[in-house]
Amino acid sequence: VDEALTFLEPHLQAALAEDSDAALDLKVSKANHVIYTHRVAEAEAMLLEVLPAVRAGGDGPLLARTLRCLGQIEPLLERDSWRERLDEATRAARAADNGTQEAVVVAQRLIRATERDQVDRLALRGQELLESMGGDERIEAVLLGGLISAWFRADRVADAQRAWRRLDPLMTRLGERYQWAVYNSGVTVLGALDLTPDEARRALDDAERRFREIGAVGGIGWPITARGVVEHLDRGPAAALPHYTRALRSPDVSTDDRFKALVEVLVALATAERTPGGAGKAEEILASALHDRRHVGPGPRWLARLAARARKQTSQAPSWTVSLDGGRFVGPDGEEVDLSSRGPARRILAALARNRLHAPGDTLEADALIDAGWPGERILPEPARNRLYTTIRELRRLGLADALQTVDRGYRLGDEVDVA
């Protein structure tokens, strides 16, 4: 952007000196570039200064462009007049029969559209322009990006994925790395819950990595939040909370009230679910959030899935209760098993209980359980593992067969286990 502004300046000064018609066009171009340096108030002042002359000049495409730039700035300055600006920009573009400017305005409106009928109407016009523009790859990319943005907010997964398949090669050819990362992330986030948890983790981590590789953070909050939802559904609130709190610190969350409201709900929900006796509070949070029309994109679908998870857990009361010190447990039949005299078994169960309480869904690997069961002892690896396997079999034989799970190379207590 700085290079573009440096290039424009001498041309602008020459046009002003010659009182050339090109001066207005160059002023609008300069203001458009200043927007991307985040000096939005300065850009607005430049555009408002030239707007009367642009209106008087009768150049329809330039008027549409000037109004479009103002419509881009005004939401950033928390002004509601951007809709009128874009309406007038659309009329100016159509009056001049300038499909390029209308396409850019439609794309900009799609990015901000929230109501479903508005999205549908704009998407239909965007698709008409796509077919009529033929051959202009940059305008095609702008329109497809606008469509993906609108369909993201409307949570229309299949439509967004279809547009992305067409946009992906275009963005690659045009070298638009940041925009590629934004739209790839949006489509990945929309489809995350249709993947297995491990597939979703890999896809979302890759989307976040793409932003970091190009040094950009605008847009990074969505894949981080989606990662938290995947963890919440698969491993529980303790695994989700670090992702939610990290998302809250991302710039796109802090500048988008709707997105911020969604992430704050997810943080509150995970915190309540981790708190002993917090099920009632979690239920209240979900009931309120599910009726909050501010939530856009996949947010309502995520909340519905989390509500279904909460109902399932509420209807399935824990079948086992394990003491935090591992000294005893009560099975589904109500019989208490005393482990106070079984040193290694008690210590291993205590380690599993602590893990269940503080990191539900996570596993403890064999080495960690060996250290817990025989602290301070120096044991060769093979005998140590044999001891562990023997103790695990003992715990299962005593009544934890269905509660003590083996996952990959580790162990954990299942969701049906309560720790007290």
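**Exercise 1. How many bridges join β5 to β6, and in which sense do the two strands run?**

Solution. The model is a predicted one, and the pairing can be read from it step by step. First, β5 and β6 are joined by 4 bridges, and the two strands run antiparallel. Next, look for a pair of residues that face each other: V407 stands opposite G410 in β6. Finally, turn to the connection, where the hairpin of β5 and β6 has 2 residues between the strands, and where D408 takes a positive phi near 55°. As background, most residues other than glycine have a negative phi.

**Exercise 2. Find the order of the strands in the open sheet of 3 strands, and decide which strands stand at its edges.**

Solution. The order in this open sheet is β4-β6-β5, and the pairing is antiparallel. The edge strands are β4 (364–365) and β5 (404–407), since each of them is listed as pairing on one side only. On the β4 side, the pairing with strand β6 (residues 410–413) is antiparallel and extends over 2 bridges, and here L364 stands opposite Y411 in β6. A helix also belongs to the picture: α20 (residues 381–400) packs on the sheet, where it touches β5 and β6, and its direction makes about 140° with that of β5.

**Exercise 3. Describe the open sheet of 4 strands, and explain why one side of β3 and one side of β7 are left without a neighbour in the sheet.**

Solution. Begin with the order, which is β3-β2-β1-β7, with mixed pairing. The strands β3 (336–338) and β7 (417–419) stand at the edges and have a single partner strand each, so one side of each has no neighbour in the sheet. On average, and with direction ignored, neighbouring strands of this sheet are turned by 20° against each other. Then take one pair in detail: strand β1 (residues 320–322) and β7 run parallel and are joined by 3 bridges, and V322 stands opposite V419 in β7. The last step is to place the helices, of which α18 (residues 343–358) lies across β1, β2 (328–330) and β7, running at about 95° to β7. Helix α20 packs on this sheet too, touching β1, β2 and β3, and its direction makes about 40° with that of β2.

**Exercise 4. Decide whether α2 and α4 are roughly parallel or roughly antiparallel, and list the residues through which they meet.**

Solution. Helix α2 (residues 22–35) and helix α4 (residues 60–73) pack at an angle of about 20°, and their axes are 10 Å apart. Angles under 35 degrees count as roughly parallel, and therefore α2 is roughly parallel to α4. The crossing in which α2 passes α4 is left-handed. From α2 the contact takes L24, D25, V28, S29, N32 and I35, and from α4 it takes L62, R65, T66, C69, Q72 and I73. Sorted by class, the contact of α2 with α4 has 6 nonpolar, 4 polar and 2 charged residues.

**Exercise 5. Carry out the reasoning for α13 with α15 and for α10 with α11: what is the relative direction in each pair?**

Solution. For the pair α13 (residues 237–248) and α15 (residues 257–274), the axes come within 9 Å and cross at roughly 150°. Angles over 145 degrees count as roughly antiparallel, so α13 is roughly antiparallel to α15. Their crossing is left-handed. Among the residues that meet are L241, Y244 and L248 in α13 and V263, L266 and V267 in α15. The contact of α13 with α15 has 10 nonpolar, 2 polar and 4 charged residues.

For the pair α10 (residues 177–191) and α11 (residues 197–213), the axes come within 9 Å and cross at roughly 160°, and α10 and α11 are therefore roughly antiparallel to each other. The crossing of α10 and α11 is left-handed. Residues of the contact include W180, A181 and N184 of α10 and L204, A207 and F211 of α11. By class, the contact of α10 with α11 divides into 9 nonpolar, 3 polar and 3 charged residues.

**Exercise 6. Where in the protein chain is the confidence lowest, and where is it highest?**

Solution. The mean pLDDT of the protein chain is 85, and 94% of its residues reach 70 or more. Confidence is lowest in helix α7 (residues 116–133), at a mean of 74, and highest in helix α12 (residues 221–234), at 94.

Terms used. Residues numbered from 1 in each chain as written. Predicted model: local features only at pLDDT ≥ 70, side-chain atom pairs only at ≥ 80, totals over all residues. Heavy atoms only, no water. pLDDT = per-residue confidence, 0-100. Pairing = 2+ DSSP bridges. Contact = heavy atoms within 4.5 Å. Axes fitted to C-alpha atoms, helices over the stretch in contact; angles between N-to-C directions. Parallel < 35°, antiparallel > 145°, perpendicular 65-115°, else oblique. Left-handed = near helix turned anticlockwise from the far one by under 90°. Nonpolar A, V, L, I, M, F, W, Y, C, P; charged D, E, K, R; others polar.
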